[in-house]
Amino acid sequence: MFIVSLNYIKPLAEIEAYLPAHIEYLNRHYAAGHFLFSGRKEPRTGGVIIMRAGSRAQVEAMIAEDPFYQAKLAEYQITQFIPTKTADDLIAYRETL
């Protein structure tokens, strides 16, 4: 599992212009089963995506499809983690070492 943290590097007006395309990108990856959670940071300085992928290279390939990435509107930090403990409602996402 991976946490992708986006930090906007352009004004919000530019972010807003690409938001519909970014939402389409998110919807595609939710439909494919890659993305589990996403949302804006508060204050609105970027966003977070929690996703499933087999490798960091796959995450990087998915990020390269993001209109925010393509327009150089955000910087991306990728963190891989193994969720070995979860709330009971999220047991389907538990992994073993």
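**Exercise 1. Work out how strand S1 is covered and paired.**

*Solution.* Start with accessibility: S1 (2-8) is mostly covered, with five of its seven residues buried (under 20% relative accessible area with a 1.4 Å probe, protein chains only; exposed is over 50%, partly exposed in between). This is a predicted model, in which local features need pLDDT of at least 70 and side-chain atom pairs count only at pLDDT 80 or more, while totals for chains, interfaces and linings use all residues. Residues are numbered from 1 along each chain as its sequence is written, and side-chain values use heavy atoms, with hydrogens and water left out.

Next, look at the partners of S1. Strands here are DSSP runs of E with at least two residues, helices are runs of H or I with at least four, and both are numbered from the N terminus; two strands pair if DSSP finds at least two bridges between them. S1 and S3 run antiparallel and are joined by six bridges, with Val4 opposite Ile49 in S3. S1 also pairs with S4 in the antiparallel sense, over seven bridges, and there Tyr8 faces Ala74 in S4.

**Exercise 2. Assemble the whole sheet and place the helices on it.**

*Solution.* Begin with the order: the four strands form an open sheet, S2-S3-S1-S4, with antiparallel pairing. Its edges are S2 (35-40) and S4 (74-80), each pairing on one side only. On average, neighbouring strands are turned by 15 degrees against each other, direction ignored. Axes are lines fitted to C-alpha atoms, for helices over the stretch in contact, and angles run from 0 to 180 degrees between N-to-C directions.

Then add the S2 pairing: five bridges join S2 to the antiparallel S3 (residues 46-51), and Arg40 stands opposite Gly47 in S3.

Now for the helices. H1 (residues 12-31) lies across S1, S2 and S3 and runs at about 165 degrees to S2. H2 (residues 56-64) packs on the sheet and touches S1, S2, S3 and S4, where contact means heavy atoms within 4.5 Å. The direction of H2 makes about 155 degrees with that of S4.

**Exercise 3. Describe the surroundings of Asp66.**

*Solution.* First locate Asp66: the loop between H2 and H3 (67-70) holds this residue. Then check its charge partners: Asp66 is buried yet has no salt bridge (a side-chain nitrogen of Lys or Arg within 4 Å of a carboxyl oxygen of Asp or Glu). The nearest side chain of opposite charge, Arg28, is 7.8 Å away.

Finally, list the neighbours. Not counting residues up to four places away in sequence, Asp66 touches Leu6, His22, Tyr25 and Tyr76.

Terms used:
Lys and Arg count as positive and Asp and Glu as negative; His and the chain ends are not counted.
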